[in-house]
Amino acid sequence: PVLVLAVCLSGCAGYRLGPSNGQAAGDRSVQVVPFANRTLEPRLGDAATSALRKEIQREGTFRLGNDNYTDLVVTGEIIRFQRGEVSFLPVDVVTARDYKVDMTARVVARDRITGNVVLEREITGSALMRVGADLPSVERQTLPLLAADLARQITAALADGTW
């Protein structure tokens, strides 16, 4: 019985809860500056900014800070929005049924005190969209999912960094 207990407990010996970069959860704060939209598609910057703020709060590695008291300032711009066909109607091989939508942002994170860049990268979020009778309506409904995926990618890049 003692040997079985020792074997069971040793499996968790190297596991630690919390962020993967070795810092304590909520130890650092992040300010998210509203993202600029450099595409022709409306509302992408606002959706990405809002989703990133929510994801930072949900994920827990960082605290969302205000203008004056943050460790890290994240800025970004949406530089690409693409829609590509994934599948077509079975009776009409020209009409798309499903699309994959991608949104790419150029993200820069700087240490507020030193001004050093700790992350500078293009990050892409994706979502699948099934087209019904109204493509613009379906795109509006897909935008929060697309922005949420981009926010997850950005937050993961920030959390895995060693700054």
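Read along its sequence, the protein chain follows the pattern α-β-β-α-β-β-β-β-α, with helices (H or I, at least four residues) and strands (E, at least two) taken as DSSP runs numbered from the N terminus. The model is predicted: local features need pLDDT of at least 70, side-chain atom pairs count only at pLDDT 80 or more, and totals for chains, interfaces and linings use all residues. Residues are numbered from 1 along each chain as its sequence is written, and side-chain values use heavy atoms, with hydrogens and water left out.

**Exercise 1. Describe the chain as a whole: its elements, burial, contacts and surface.**

Step 1. Take the elements: the protein chain has three helices and six strands.

Step 2. Take burial, where buried means under 20% relative accessible area, exposed over 50%, and partly exposed in between (1.4 Å probe, protein chains only). Of the 163 residues of the protein chain, 39% count as buried.

Step 3. Take contacts, defined by heavy atoms within 4.5 Å. Among contacts between residues at least 6 apart in sequence, 67% join residues at least 24 apart.

Step 4. Take the surface, computed by the Shrake-Rupley method with a 1.4 Å probe; for residues, only the protein chains shown count as cover. The accessible surface of the protein chain comes to about 9900 Å², and 53% of this belongs to carbon and sulfur atoms.

**Exercise 2. Place Glu-77 and trace its partners.**

Step 1. Locate the residue: Glu-77 lies in strand E4.

Step 2. List its surroundings. Neighbours within four places in sequence aside, Glu-77 is in contact with Phe-35, Ala-36, Arg-38, Thr-104, Ala-105 and Arg-106. The C-alpha atoms of Glu-77 and Phe-35 are 5.0 Å apart in space, although the two residues are 42 apart in sequence.

Step 3. Search for salt bridges (a side-chain nitrogen of Lys or Arg within 4 Å of a carboxyl oxygen of Asp or Glu). The side chain of Glu-77 forms one with that of Arg-106, at 2.6 Å from N to O. This pair links distant parts of the chain, 29 residues apart: Glu-77 in strand E4 (residues 72-89) and Arg-106 in strand E5 (residues 92-111). Arg-106 is partly exposed, with a relative accessible area of 33%.

Step 4. Add polar contacts, which are pairs of N or O atoms within 3.5 Å; within protein, one must be able to donate a hydrogen and the other to accept it, and residues adjacent in sequence count only if both atoms are side-chain atoms. The side chains of Glu-77 and Arg-38 make such a contact at 2.9 Å.

Step 5. Extend to the network: Arg-38, Glu-77, Arg-80, Arg-106 and Glu-122 are linked by salt bridges.

**Exercise 3. Which side chain meets that of Asp-98 in a salt bridge, and is Asp-98 buried or exposed?**

Step 1. The partner is Arg-130, at 2.6 Å from N to O. The pair links distant parts of the chain, with Asp-98 in strand E5 and Arg-130 in strand E6 (residues 117-130), 32 residues apart.

Step 2. Asp-98 is buried, at a relative accessible area of 14%.

Step 3. For another pair, take Lys-100 and Asp-102, whose side chains meet in a salt bridge at 3.6 Å, N to O. Lys-100 is partly exposed at 38%, whereas Asp-102 is buried at 15%.

Step 4. For the total, the whole structure holds 10 salt bridges.

**Exercise 4. Describe the setting of Gln-31.**

Step 1. Gln-31 is found in strand E1 (residues 28-32).

Step 2. Its relative accessibility is 12%, so Gln-31 counts as buried.

Step 3. Beyond its neighbours within four places in sequence, Gln-31 has contacts that include Gly-65, Asn-66, Leu-72 and Arg-112. With the side chain of Arg-112, the side chain of Gln-31 makes a polar contact at 2.3 Å.
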